[in-house]
Amino acid sequence: MSHAPYVVAAWLFLAGIYGVVTSRNMIHLAVCMAVTQSSTYVLLLAIGYVDGGTAPIYRDIPVGTKVVDPVVPALVLTDIVVSVTLTALVLTLASRAHASKGTMDPDALPELKG
Amino acid sequence: MTRPARLGLFGVGALGLAALLVRAVGGLHGFGGYPGPYGFVLAQAALGERHAANIVASVVYDYRALDTMGEELILFAAVTGVALLLRQQSPERAARREDAVRSDAVRFFGLGAVGAAALLGLLTIAYGYVTPGGGFQGGVFVAATFALVWAAGSYRLFHHLTPEPLVDLAEGLGAGGFVVIGLVGLIASGSLFENFLPLGTINTLLSGGQIALLNWAAGLEVAAATTLLFAKFLEDVMVPEEEEKPA
Amino acid sequence: MGAVAALAVAIPLVAAAAIAATGQLLPPRVHDAAAIAAAATTAALTFVLVARTGGPRVVEWFGGWTPRHDNVAIGIDFAVDRFGAGIAALAAVLVTAALVYSWSFFEEGGHFFPVLVLLFLGGMVGFALTGDLFNWFVFFELMGVAAYALTAYQVDETGPIQGAFNFTVTNSIGGFMVLAGIGLLYGRTGALNLAQIGRQLDERPPDGLVVAAFTLVAVGFLVKAAAVPFHWWLADAHAVAPAPVCVLFSGVMVELGVFAFARLYWTAFEGTLGEHDLRPVVLGLGALTALVGAVLCVLQRHLKRLLAYSTISHVGIFLLGVGLLSGDGLAGAGVYALAHGLAKGSLFLVAGILINRHGTPDELLLRGRAVGSRGAALVYAAGGLALVGPPFLGVFLGKSLLEDGALEEGQSWVVVTAIVASVLTAGAVLRAGARIFLGWGVGADPLLSPEPEEVEPLERESPQRTVLVAVAGILVVGSLALGLAPGLAPRAKAGAEQFRDRHAYVDEVLEAKRVEAKPLGGHHTKPESIVLGLVTLGGALAVCAWGLRGHPLPRIAVAPLDRLRALHSGAIGDYVAWMVFGTAALGGLVTLAAR
Amino acid sequence: MIPLQIVSFALVTITGTAVVLTRDPLRQAVVNGFFGLTLVVLFLVLQAPDVAISAIVVESVAFPLILLVAVANERRREGEP
């Protein structure tokens, strides 16, 4: 039970990639990529959690209170920004593919082979 | 490859990867038992060293400022990329676009909401090192303000409020400014992103040293980048629809 | 000296922001000039770093956050050694060349190109120098995002969209794997600094977590390096990206993937995995990559795709060098990558000139069309020759170091594999050149991959061809000269020893000790190396002649080739399925090795 | 683990899987919105308010962008004969 949160992360990772592999639509694919990436937020925050700890913000709590790891939130913030940028880029490519080929099915873009 | 073959290949791989991952997480500490040391060292030391109540902000804008610099530039690169990919839009086609909502009441209400959103965004940036929030979160709020202008019915106003050269300038100033603040630290204190300002009093806006400056630079960059992103997507998506209508 | 390392990252990034800020205010030529100046400055800074790397590593802690007394890193560091500085310098030189070339190459395009290329440069330099695992990921993504956008630069066609899409999706998933591995390592060690992670893992048996973390982070880097079976995106991206961008992808970006793989192993994991023999795994990966890339290279008629598969094959050779897990092997891979980067860069630039002028990248359609272009022909021939590496020219020095390393370790099959790969790829490159510039060979070849659109070439005169050819020429002269460069071999060997010494790495990074480098040894070219160099040259010429005759092959050999080619379907779902399979396979092999 | 955490992890698992399995982009955009909300709750439960705010604002960018492209896709498809 104490490792279940990490298994949740592993599940999301694989589920997202499953979506990417089977996707018939580039928008769907972009969102599945975001799901895969969100597994890393879950993993990192679960790792840095401390039982009974509070957020590391010393505004209303006395110094010395038990807090959760302040490093993983910083990493996840960067991770989230990366996720938005990738979503925006893939969506843009999807939109351009649609404009020129009239399809968003990644299997129907046949130009690069061999 | 046929789709069944692809799925079979993925299935075999996914089973193996799942086994690898499950074995791996079995080697982690139990949930809730983070052993440190990195986070604990900072949680103890950062308040005294940085005078910023929000320890996460100290990590983001000081101890690991280089990561955040990279993050701002990733966003900057992505928005440049989106602008590049969607550059075919001609200005006159964009200008032909109509406003989405014509009811004055909706517009009035919407524009009222805009003021509130903008204020909230600026406050989120300003208090980033005192409370949760910061340049990224607040910057997106500010950009959402401009999006609200559009949602409230005026694409033209949106276009006027966010002239592209100005937004470009703001974005470059934000991203470049972030690095330049780091460089000032290099000149004044000896290493990139080293603090060069007085630390101030904890729990006030005058705390945290140069964290405040980096926070505002990030806010400017994120606000401008997100605005550009909205603008580009709106132009790209809305214009072809116009063309389909009979003139 | 630490400030120099910091500036080498900061300058291109500030320049990119400044150019974008003034995007519509200043004329494009001002931007181009500013970009070239920034790239050249970065190159100068990285040369200063290279010159200073004879001694201990240059360690720079950002924000002034040096490690705590109990050796806990609280900030991010750059730990600059000779290999890191060297590959950063290669990146800066190639970016400068690409920017000068594109000054004359693109007719329009605005400020997007210089901005993205400078961001790419900043990302590569940071990636080469950083000593922090998460920061590595950040620069990985910065490099990545700039590269994805540059791939789709010629956005009016569908090819670039598809190529950029495949590149973005595969490399992003590679990035997620890196991140998942970082999470596991952070949970185990509570550290992000490579030296600290290495010390925490040191001398403990590798359990499931260590194996998985290594596999995940390594796969992320191997995707960037385009090692088989993570290589699919590379040919697609190269086929569609503008020539000056291909120079950066082939010349330094994929090499950075191999570099990061090696860095990861020797800083973080050698202490725990080094007890067990990972050598067969990495050598197997390298041999597979070298051979698959070489065979597919021979099968191409799209000039940029041909060069791209040649790059994949060379990645395999570099992995062979790294996989020997010895000083000579690593030194060989490093020198080889340097000479290859410059030579491949010049070849892509010539390919760009041809495509620009004749409107097609198709070798068969281009047959005899460039007979008059003497300068371009000369540069192309020199580039092909540099890739062959005949005695004392081009990749020869790196190749002979690698061969020495393989023979010392008793792995003579590695020598054979590397030579087969370079014979095939160099033969294909020379064949294409002989067809295009000399009009030799048959005009049809059923073995080569069909091109989707066989349009009649357009003839266009580009005004500044002299500049374009000159840039390519400078790169190729540099590459050829590396075969002769005095003192390069002993320095590479010393650099490789420094790179592999994890105890010195920990001492210098965490405890600010100065570990003096050992004095430089000597290097003597063995007679075997000269013989093998001549054998490679002869083999390459034979493959070239065979190709010009239309690759006569028994029918039974054609079917498997077609099957191999059919795997490269252009469909992202296939590519990602292979990636997952490859990750599981690599994880399984490492698990077995670590038993 | 406290019950609130168990529930949050379970919700994230379910909605995340649902996002992948929802093949229609428009519907998926909505399901993805729910997934985003469950992530925000999880971040709050894990004492990461900074990340939670970030996830909210990101949702407010990504959601409309995805929706815009998806709607355009839908519209063009309907326009086809």
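This short talk walks through chain B, its contact with chain C, and two helices that pack together within chain C.

Please keep in mind throughout that what we have on the screen is a predicted model.

Let me begin with chain B, which contains 10 helices and 0 strands, so that reading from the N terminus its elements run α-α-α-α-α-α-α-α-α-α. Of the 247 residues in this chain, 55% are buried. If we take the contacts in chain B with a separation of 6 or more, 72% of them join residues that stand 24 or more positions apart.

Staying with chain B, I would like to look at helix α1, residues 3-26, whose 24 residues reach 34 Å from the first C-alpha to the last, close to the 34 Å expected at 1.5 Å a residue. Which residues of α1(B) are buried? They are R6(B), L9(B), F10(B), G13(B), A14(B), G16(B), L17(B), L20(B), L21(B), A24(B) and V25(B). As a reminder, an α-helix has 3.6 residues a turn, so residues three or four places apart point the same way. The cover over the buried residues of α1(B) includes α1 (4-22) of chain A, and also α6, α8 and α22 of chain C.

That brings us to the contact between the two chains, in which 67 residues of chain C meet 60 residues of chain B. On the chain C side, the elements that give two or more residues are α1 (2-21), β1 (58-61), α4 (112-129), α5 (133-151), α6 (158-189), α8 (208-225) and α22 (572-593). By class, that side of chain C has 43 nonpolar, 18 polar and 6 charged residues.

Let me pause on α8(C), where 18 of the 18 residues are buried. Its end C-alpha atoms lie 25 Å apart, which agrees with the 26 Å that 18 residues should span at 1.5 Å a residue. Just after α8(C), A226(C) takes a positive phi of about 60 degrees.

Finally, still in chain C, helix α13 (residues 327-358) packs with helix α15 (residues 396-408) at an angle of about 160 degrees, their axes being 7 Å apart. The two helices are therefore roughly antiparallel to each other, and their crossing is left-handed. Among the residues that make this contact are G329(C), G332(C), Y336(C) and A339(C) from α13(C), and L397(C), L401(C), G405(C) and E408(C) from α15(C). Taken by class, the residues of this contact divide into 9 nonpolar, 4 polar and 4 charged.

Notes: Residues are numbered from 1 along each chain as its sequence is written. Chains are lettered from A and ligands numbered from 1 in the order in which they are written. This is a predicted model: local features need pLDDT of at least 70, side-chain atom pairs count only at pLDDT 80 or more; totals for chains, interfaces and linings use all residues. Two residues are in contact if their C-beta atoms, placed from the backbone, lie within 7 Å. Helices (H or I, at least four residues) and strands (E, at least two) are DSSP runs, numbered from the N terminus. Ala, Val, Leu, Ile, Met, Phe, Trp, Tyr, Cys and Pro count as nonpolar, Asp, Glu, Lys and Arg as charged, and the others, Gly among them, as polar. A residue is buried if 20 or more other C-beta atoms lie within 10 Å of its own, exposed if 12 or fewer, and partly exposed in between; C-beta atoms are placed from the backbone. Axes are lines fitted to C-alpha atoms, for helices over the stretch in contact, and angles run from 0 to 180 degrees between N-to-C directions. Angles under 35 degrees count as roughly parallel, over 145 as roughly antiparallel, 65 to 115 as roughly perpendicular and the rest as oblique. A crossing is left-handed if the near helix is turned anticlockwise from the far one by less than a right angle, and right-handed if clockwise. The expected span of a helix is 1.5 Å times one less than its number of residues.
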